Amino acid sequence: MTPSITSVNDFVVKFANVNGSGSASANELFARSILRMGVPVSPRNIFPSNIQGLPTWYEVRVNEKGYQGRRGGVDLMVAMNPQTWDADVKEIETGGYLFYDNSKELPPHKFRPDITVIGMPLTNICNATYTDPRQRQLFKNIIYIGALSALLELDPAAIEQLFTEQYKGKEALLASNVKALHLGRDYALANLPCPLGIRLQPADNVGNKIFTDGNSAAALGAVYGGASVCAWYPITPSSSLAEAFMSYCKKLRAEPTTGKHRYAIVQGEDELASIGIAIGAGWNGARSFTATSGPGISLMTEFIGLAYFAEIPVVLINVQRGGPSTGMPTRTQQSDVLACAYASHGDTKHVLLFPEDPTECFEFSGAAFDLAERLQTPIFVMTDLDIGMNTRLCRPFKWDETKAYDRGKVMTYERLEEGADFGRYLDVEGDGIPYRTYPGTHPTKGGYFTRGTTKDRYARYTEAGPDYIDNMQRLLQKFETAKSLVPQPVVHTTSPSAQIGVIYYGSTSPAMQEALDVLTAQGLAVNAIRIRAYPFAQTVNDFVNAHTSVFVIEQNRDAQLKTLLVTDAKLDPAKLISLLHYDGTPITARFIVDRITQQARTVVPLKKAS
Amino acid sequence: MTYLAKPKLHHPSLVKNQAGYTRRDYEGKISTLCAGCGHDSISASIIQACWELDIQPHRVAKLSGIGCSSKTPDYFLGNSHGFNTVHGRMPSVLTGANLANRELLYLGVSGDGDSASIGLGQFAHCIRRGVNMVYIVENNGVYGLTKGQFSATASKGSKSKRGVLNPDEPVDLVGMALLLKATFVARAFSGDKKQLVPLIKAAIQNPGPSFIDIISPCVAFNNHEGSTKSYDYVREHNSAVNRLDIIEGRDEITADYAPGEVINITQHDGSVLRMRKLAPDYDPTDRIKAMNYVQERAAEGEIVTGLLYLAPEAADLHQYLNTVDTPLNQLGASELCPGTAHLEAINASLR
């Protein structure tokens, strides 16, 4: 007989459910209650583009060390969906566990001999306890959480505490949930082999960290960053970002005396209108943004070119999903890097920011508005579905209240009165950034005509070649200026003598951090640099030059960031080895470690880390 | 004449309006459009309307899309900020600009290709959102800059300069504006400035989306026989329901609804419109009847012009969104950033 997996505070539980069955909140309750025991978790929703009836999964990685990346493999499958039964059972690791509803008997060939099978008559218990069909469904979820609390030694007091917080003022709901929880727990204690080989134990590794998702974090960043106009069009996986902005604004942005709104949110008729509204507001001096995903970016590209060429501040938060076309709307990828870096016809280059987790979504989204106004150009915050729609344990949000917003170079009424030479596209300070006026500033000075056509330094229409080149070169100078303003890369040095380097960015971060630890433990010294923005800082070139070979890890097929590194940072493509993961699931440490160890042998002679 | 620089000298005897500006202060660059273009008459009418209303030119934001009509904002109100956006997307940019600063006057200038073809969606949605603006379509039924293709407002069966018959039904922008509850809807003819100037003035004074469809013949590509947008055709088929004049002041004046007589309508800002009725039974405050009337006359081949609809009650997007009175672009960190105490509370709620 295969030995069962034994592990304390380090395992993966996956819930297989039907969407629309109310399982999501029960599963999140499970994850949150583990956190309350001081044990880090990282849950992931794997869901279809559908409202009701299709399979959905919730994968919870429990890891005392705090690794947040997806691990791969499943130790305990909570199989609640007959539709996906076969695949779900197959996914369990050898020696793993299967928990299922055995109200209806299943033939033996539906199981595996190398796993521990735990059946519980959930439906029968529900039918015996509740008469209302909706209650039967909803409480079934809580009952299995109760059973898991016994099987995994999950502290029922932590769950009850969460109920108390959730149902404050709704005591009837509180009592019925507690009752369902104990119904499941008591049954398991009496009838099931509690505890399992995998189990929990109180720890102290959560600290003051917060548990939140990237979309609401980015929305909050926009609130703190001073965004007052938001225009958006619903698209998975970014819709919850605009909705979170709405709900934060409602709480945090009402004028105290009147209750009126210090913000305007418009749901556009499409992405073209959304970016148009954001650009109009940016042109007129308000901080504005749109939140979207790949297909939205495709639609917005003409407008993005206008904002680049007419030099209008605007922020785009792109929660990337699987492309091209409609692609994989509910799966994750980093496949809009090139589309955003070069969005529009003609020669354009855009500033991209790559947050690694919800905390950086908050920080980068907040900083994007300063950058947009300083650089007078579109700024892209490139998050993805993995960060955007999943809750993560991360550093608490911080904001420096003493720091004023950087409104960039704005020519005021006073300066115009003093007789300042105002040329809308005149490079006064040599950084490529001109001054702008807000419409309505001065009765006779500072007015200008904004256009997407070529213009001279004083915003006058021209089709003269030298004027065009003058303007395009200044825009390049401005892009150069951006390099020192954007978030700088983070270098992780394992060993000063390591010959192998790794470049990674965005949501690859947690998997990479774990992979670095594993590689170090295996004796392979690997240094890493996390790129946090485009254009790239010189640090990236220095890093690559200091290593024999550098892996570039990306979640897309075409090595999009590598393309930018080669064409823009002028790095030698022969030195850059792409490691690409793009099946729509989040990249794992296992994948990175496997690929690096396989290929490291061929690129450099293996050497033990010192 | 576009190679000539426009003289900047102002004659000292030029009359100033109450805001202290002469008519010349409302002008822009010299037009680059064809001699005789209807659009230039519209620019002149906008200049006159703004001058007569004592509007400070720099408090106007003029936005347009792409096309001949969209070039015109460069030819009036030279001290105003202008924005020549992308084709068919002026309405969204105007909406955003308006959200950022509710205190300016927003003038959207577009064409039939820009608003009825590529931009039909944005045209419709900015009206149904109730954006406070004056939206002018300089409607000639043809693409001028690309040399004479039909636009979506060209009548079915009308003939292009090359002799092709238009196979498609036209989009009626006035009908759509009425349907989507613009608060002010008018149609005018660029060749009749006396009718047009008061309509523009009334539109400026009206809150919410004010729409004017101005038939503006294209002398280069759509002024021939067989066109329904030529000077001759429009003159022959123009059927004005009323004529407007504007009276300043807030004195209440009793309306006289006798057919064919003059009636006074008090606008939302207190100014009074004096309207001479030409169609005795036409009531411009009844939206449903207005829609029927315009359609019925159109079926008879008439181009109904005049003030077609004025909403008795008018609100705008800022009211719907309940935004603060201070323009959003004037709010600073003290109003926009909720501060660290709130952030600590949010952190605590996420544990």
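User: Before we start, where do the domain bounds come from?
Analyst: Happy to set that out. This is a predicted model. Its domain bounds come from an automatic or database domain assignment.

User: Thanks! Into which domains is chain A divided?
Analyst: Going along the chain, the assignment gives domain 1 as 7-199 and domain 2 as 212-394. The division of chain A is completed by domain 3 (413-485) and domain 4 (490-603).

User: How many residues of domain 1 of chain A are in contact with domain 4 of chain A?
Analyst: The centres of these two domains of chain A, taken over C-alpha atoms, are separated by 36 Å. Domain 1 and domain 4 are nevertheless in contact, with 10 residues on the domain 4 side. On the domain 1 side, the number is 10.

User: Which residues of domain 1 of chain A lose the most area to domain 4 of chain A?
Analyst: Between domain 1 and domain 4 of chain A, about 810 Å² is buried, and carbon and sulfur atoms give 48% of that. Three residues together account for 63% of what the domain 1 side buries. They are Y67(A), R70(A) and R71(A).

User: How are α5(A) and α6(A) oriented to each other?
Analyst: Helix α5 of chain A covers residues 156-166 and helix α6 of chain A residues 171-191, with axes 10 Å apart at an angle of about 160°. Angles over 145 degrees count as roughly antiparallel. Therefore α5(A) and α6(A) are roughly antiparallel.

User: Which residues of α6(A) meet α5(A)?
Analyst: The crossing of this pair, α5(A) and α6(A), is right-handed. From α5(A) come P156(A), I159(A), E160(A), F163(A) and T164(A). By class, the contact has six nonpolar, three polar and two charged residues. The α6(A) side consists of L174(A), N177(A), V178(A), L181(A), H182(A) and R185(A).

User: And how do α7(A) and α8(A) lie to each other?
Analyst: Helix α7 (residues 214-224) and helix α8 (residues 239-252) of chain A have axes that come within 8 Å and cross at roughly 45°. The crossing is right-handed. The contact of α7(A) with α8(A) has 11 nonpolar, three polar and no charged residues. Because of their crossing angle, α7(A) and α8(A) are oblique to each other.

User: Finally, which three residues supply 12% of the area that chain A buries against chain B?
Analyst: Here 65 residues of chain A are in contact with 55 residues of chain B. The two chains bury about 5200 Å² between them, with 61% of it on carbon and sulfur atoms. On the chain A side, the three that supply more than any other three residues are Y224(A), E269(A) and F449(A).

Key: Residues are numbered from 1 along each chain as its sequence is written. Chains are lettered from A and ligands numbered from 1 in the order in which they are written. This is a predicted model: local features need pLDDT of at least 70, side-chain atom pairs count only at pLDDT 80 or more; totals for chains, interfaces and linings use all residues. Side-chain values use heavy atoms; hydrogens and water are left out. Axes are lines fitted to C-alpha atoms, for helices over the stretch in contact, and angles run from 0 to 180 degrees between N-to-C directions. Helices (H or I, at least four residues) and strands (E, at least two) are DSSP runs, numbered from the N terminus. Angles under 35 degrees count as roughly parallel, over 145 as roughly antiparallel, 65 to 115 as roughly perpendicular and the rest as oblique. A crossing is left-handed if the near helix is turned anticlockwise from the far one by less than a right angle, and right-handed if clockwise. Ala, Val, Leu, Ile, Met, Phe, Trp, Tyr, Cys and Pro count as nonpolar, Asp, Glu, Lys and Arg as charged, and the others, Gly among them, as polar. Contact means heavy atoms within 4.5 Å. Buried area is the accessible area (1.4 Å probe) that two parts lose on being put together, summed over both.
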